[in-house]
Each structure stands twice: as structure tokens, then as C-alpha cells.
Amino acid sequence: MPLAALSARSLLRSAARPGPAPRWIRSGPAQSPVSTGDTVLGLAAVFASFFVPAAWVLGHIQDYKKRE
């Protein structure tokens, strides 16, 4: 096997090995339950971050076509 492939293989192997989790990461249920309002606000933010830019591009597609 070429030297480059061996070095890449060893680098990837070490990166794929799970190590100890950082101390600030905890597993288990949340300490305080998430309210419905927080959930709705979070989902609205995710929805807006994906669809507002797409809507902007689709709304201005004629302007983009005129530039060519």
C-alpha cells in the first residue's frame, strides 16, 4: 500500500475512535422540561432559516434571469 494511503488510513482510524466525552456533556433526560412555546419558537426558527432564503431566490428568479 502506498505511504500516503497508509498515513491517511491511520489518521482516519484515530479520528474515528470514540474517546471520553467532555465533562460538560451529560446523558439522560433534560433537567427541566422544554415548554411548548420554546418548542414552537425553535421549530419556527429552523423553518425560517431554511425556507426564507429559498423563497427569496424563487421570488426574485426573474431578476436573476434578466442579468444574463
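This tour moves from the whole chain to one helix and then to a patch on its surface.

Begin with the complete protein, bearing in mind that the model is predicted. Colouring by secondary structure shows three helices and zero strands, and reading along the sequence gives the pattern α-α-α. If you then switch on the surface, its accessible area comes to about 6800 Å², with 67% of that belonging to carbon and sulfur atoms. Of the 68 residues of the protein, 0% count as buried.

Next, select residues 36-59, which form helix 2. This helix has 24 residues and reaches 32 Å from its first C-alpha to its last, a span close to the 34 Å expected at 1.5 Å a residue. Centre the view on A48, where helix 2 bends by about 30°.

Now narrow the selection to residues 40-59, which the UniProt record, an unreviewed entry, annotates as "transmembrane region". The span is 100% helix and 0% strand, and the C-alpha atoms at the ends of residues 40-59 lie 26 Å apart.

Finally, show the side chains of V46, F47, F50 and F51, which together make a nonpolar surface patch of about 460 Å². Within this group, pick out F47, a residue of helix 2. Is F47 buried or exposed? F47 counts as exposed because its relative accessibility is 53%, and the cut-off for that class is over 50%.

Key. Residues numbered from 1 in each chain as written. Predicted model: local features only at pLDDT ≥ 70, side-chain atom pairs only at ≥ 80, totals over all residues. Heavy atoms only, no water. UniProt positions renumbered as here; feature names shortened; annotations may be inferred. Helix = DSSP H or I, 4+ residues; strand = E, 2+ residues; numbered from the N terminus. Buried < 20%, exposed > 50% of the residue type's maximum accessible area, 1.4 Å probe, protein only. Areas by Shrake-Rupley, 256 points an atom, 1.4 Å probe, with all protein chains shown as cover. Expected span 1.5 Å × (residues − 1). Bend = angle between axes of the 7 residues up to and from the residue. Patch = residues over 30% accessible without salt bridge, like charges linked within 9 Å, V, L, I, M, F, W, Y side chains within 5 Å. Salt bridge = Lys/Arg side-chain N within 4 Å of Asp/Glu carboxyl O.
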